[in-house]
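Student: Got a minute to go through the interfaces in this one? Here it is.
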Amino acid sequence: MLSLAGTIATPMAAWAQSSVTVYGIMDLAARYVANDGVGSVTSLISGGNATSRLGLRGSEDLGGGLSARFQLEHGISADTGTPAGGNTFWDRLAWVSLASNSLGELRLGRDYVPTYTNWVRFDPFSNVGVAGVGNMLPASQVGPIRSAFASNPNTLVRSNNAVQYLLPANLGGIEGGLMVAAGEGGTAANGQHKLLGLRLGYATGAWVVSGAYDETKNELTGNESFKDGIIAGSYDFGVVKLNAAWRRFDFLDSKQTNILLAAILPVGAAGQLKVSYQKADLSGRVRTTNVADNDGAQLGLGYVHNLSKRTALYASYSRINNDGVATFVVPGGASGLTAGGNSWGVESGVRHIF
Amino acid sequence: MLSLAGTIATPMAAWAQSSVTVYGIMDLAARYVANDGVGSVTSLISGGNATSRLGLRGSEDLGGGLSARFQLEHGISADTGTPAGGNTFWDRLAWVSLASNSLGELRLGRDYVPTYTNWVRFDPFSNVGVAGVGNMLPASQVGPIRSAFASNPNTLVRSNNAVQYLLPANLGGIEGGLMVAAGEGGTAANGQHKLLGLRLGYATGAWVVSGAYDETKNELTGNESFKDGIIAGSYDFGVVKLNAAWRRFDFLDSKQTNILLAAILPVGAAGQLKVSYQKADLSGRVRTTNVADNDGAQLGLGYVHNLSKRTALYASYSRINNDGVATFVVPGGASGLTAGGNSWGVESGVRHIF
Amino acid sequence: MLSLAGTIATPMAAWAQSSVTVYGIMDLAARYVANDGVGSVTSLISGGNATSRLGLRGSEDLGGGLSARFQLEHGISADTGTPAGGNTFWDRLAWVSLASNSLGELRLGRDYVPTYTNWVRFDPFSNVGVAGVGNMLPASQVGPIRSAFASNPNTLVRSNNAVQYLLPANLGGIEGGLMVAAGEGGTAANGQHKLLGLRLGYATGAWVVSGAYDETKNELTGNESFKDGIIAGSYDFGVVKLNAAWRRFDFLDSKQTNILLAAILPVGAAGQLKVSYQKADLSGRVRTTNVADNDGAQLGLGYVHNLSKRTALYASYSRINNDGVATFVVPGGASGLTAGGNSWGVESGVRHIF
């Protein structure tokens, strides 16, 4: 039986028993993606329905409504066995917190930024797979407004070195949080940046309305703020849940506006049909680069069949139509899509939660 | 007590309890290896009896004889604490499957190729340590036929991106499986290749007979197939178990044929004596390189003393005699063995399964 | 419930149940460090009170007072989610052992060297954070005597490839051990070196007295021994525990002598006040480099408030005064401290053991 240690003392000393939870997801699928001008690729991929991962978390009751909590989470490219975050092994989550039932939670470490939390919530595809909302965001596009962040370490999803305050759960439906990161005099390549983010929402019964805003500065943004704002909401009619979200990136003289509309329909006791439509509209310039002619739109369709609460089969379809010289793509295809061309893909797989 | 989570929901929500098993092996030994022309090396090594590793696995009963399964396994160079697979952290296994008691198992991810499964089964040294059968395979030799695969990512042991079908267990002794990988338009260095493999065997009572065949293509093989075939069998007389295996690699105008003969003798209730003899015979050319003059033979001797079902002490000896310009070596020696020279080594250590 | 496997057999076979413990620490703090000439840095850091880590350990009773044991431990930079040991994932500990209650323990793998074990024991700051004793050691200083080891892989804390004998616990207060590593013909960059170390102490009631000595050779020391010796003791008066330690590094014609004085005062039932003072005195030359003019001294102050046995809040302060051209620094500041300048820092955070 796996037990859990509770002192720094030398190994094999007497340990205070405790609780830690080891959890994860293994999700693998076959995928086919065709990109205009460069043909198609068939592959086995990881994380079509939910990112494959392994994590640990725990909570200690300190009495008086106070608890200490932690979480470590590691993404896995399960088709090859490689860590999804490269050298950042615990790339998904690494934090410790003190949480009070009445006063809220103070959390230190690596965690989701407020805008991401507020964005992924309204995507029926959870930001992953051929139809995930991330396909139309700067993070998955080399070029235009994305160039403000150069390579991968950015704050569109998570932030290192974050200090967060999260509202307690008992505010009658009001929810939200505040996140700051100090910059540490470092570089974007090292995951260091100045960040200020906040999120505020109201969730009750069938309704959710929520807004979030982040500002990031690093040496790549040249002390200018990269601004990211979202307003979104959903209503659950029972036979269908409808989501709508508006997101705006603002950097120097450029703007990108994404609009997301989505619907989730229960099909019998075990099925779920998902539809999403997203449009990206760019305007202006990033320094000397005109980014206006890079619009696009994505249609996503998906079906999930739950074999149990933990295991599901799924299939998804997505098509991206690019305007002008835009090169938004469904992930997993050959590189080199014709500028302004189209990209489409399908995938089908199994997702197992453990 | 370590419990296990069962939903994608936000952390700290209510979790469906489940089961996951954390398991592993720690195996460390002192080794001495002498190579002709370059002297000897004494070292502490990892995995003389079984590769040091850490893994997680689980199975969920979905009802009706169906289950969802997964496994993640990570190799450890326990003498230094470094992952054995380098950047491929979960280098040993990373898969999810749906398994039916009556129809068999469909498995997606990284796993052993059919030929390796069929080869290691007949090696009393489990392909590791000074006397492992891998010493006489292309994977452990820089040169000859091995050059078809260039550096490490190859399919002599495992394949990325594999889709597998495995026969169910209730076929009266018949066992086997089929594995395919699509290539994904990628490179051998990224672990991408086209693979087709199959295995079929019959195991009952004291007898095992089994065959396996793999074909691999990648950009290093230049669209030519690297072919790997094995026929093997064993018979357990009680006082001794005898193994025999024949393996053939075939690439362009070259061939390598390995013959393995082995015996395992129980010694009292806790001991096991192991003997193996392997001969490698190369012929032909790989492109412009003549590989025929690279034959060699290995003799392995080992003794394992079980302190419990989980913990054993062991000692092994191996000697490789090279012909022509062959440079097969016992692992752990100094590099630069004289072409055609000999290599021998001994090791003794402890293997602990947890 | 997490259970544990006990045979090498194929997955999903029947497993002997066993016990493994998953444990760890998450420690995050806000830190401010100011270095003369280069200003200040504010950051979120990992491990101000204890290094953030994740580990596994287990013990199997083999009967007759004998047991098999193992431990794997991985350091985490919890502010960013990156492994603290870089490519050496299990950078903190990786060993297996056979332990006898009466004869002692034979341990193989990566572990703390005798001098480190004997040094950290007398540091109230456990060698980490702004006030850790490591700030005044060659390992954390680019320059002087430290250059004998060039970059990080060194034996001031741990050794790869170690064979250790540890005295049993029942010797009436006498404790100690012996460690050897063979060198393996390798390089310091690969963590290979010749090492001989020993530790001997007496601990009973309020008294501890202990000495340790290590010698290391690698290709960077040019076959000369880098020598590291410590004599230390502590006495617990109840209202205060006093520690004193003397450490001497000796390499070629150079010497570094560190003297550490420390006190730990309980404050009520849950608090602990910590004070340490350390002085480093260098003399002589390393090859052509005069290192004598590199002395310095550090004052550390800390307070720990325990919310439970597992969770604590803490705050620490440290100031380093350098003499001559010395550049000892509090960790986490900007690089480029003025030679002979001062460095100081404060930090406050939460440490949670799981």
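Tutor: Start with the buried area (accessible area, 1.4 Å probe, that two parts lose on being put together, summed over both). Chain C and chain B bury about 3,600 Å² between them, with 70% of it on carbon and sulfur atoms.

Student: What should I know about the model and its conventions?

Tutor: This is a predicted model: local features need pLDDT of at least 70 and side-chain atom pairs count only at pLDDT 80 or more, while totals for chains, interfaces and linings use all residues. Residues are numbered from 1 along each chain as its sequence is written, chains are lettered from A and ligands numbered from 1 in the order in which they are written, and side-chain values use heavy atoms, with hydrogens and water left out.

Student: How many residues does the contact take from chain C and from chain B?

Tutor: Chain C gives 38 residues and chain B gives 44 residues; contact means heavy atoms within 4.5 Å.

Student: How many salt bridges between chain C and chain B?

Tutor: Zero, where a salt bridge is a side-chain nitrogen of Lys or Arg within 4 Å of a carboxyl oxygen of Asp or Glu. Six residue pairs across that interface are in polar contact, both residues at pLDDT 80 or more. A polar contact is a pair of N or O atoms within 3.5 Å; within protein, one must be able to donate a hydrogen and the other to accept it, and residues adjacent in sequence count only if both atoms are side-chain atoms.

Student: And by class, what is on the side of chain C that touches chain B?

Tutor: There are 25 nonpolar, ten polar and three charged residues. Here Ala, Val, Leu, Ile, Met, Phe, Trp, Tyr, Cys and Pro count as nonpolar, Asp, Glu, Lys and Arg as charged, and the others, Gly among them, as polar.

Student: Switching to chain A: how many residues of chain C are in contact with it?

Tutor: 44 residues of chain C, against 38 residues of chain A. The rule finds zero salt bridges across this interface, and six residue pairs are in polar contact, both at pLDDT 80 or more.

Student: Which strand gives the most to the side of chain C that touches chain A?

Tutor: β2(C), with six residues; strands are DSSP runs of E, at least two residues, numbered from the N terminus.

Student: How does chain C lie on chain A?

Tutor: A turn of 120 degrees and a shift of 0.0 Å along the axis lay chain C on chain A with an RMSD of 0.0 Å. That is the relation of a three-fold axis. Copies are superposed by least squares on the C-alpha atoms of residues with pLDDT of at least 70 in both.

Student: Why do the copies meet through different surfaces?

Tutor: Because only 18% of the interface residues of chain C are also interface residues in chain A.

Technical notes:
Helices (H or I, at least four residues) and strands (E, at least two) are DSSP runs, numbered from the N terminus.
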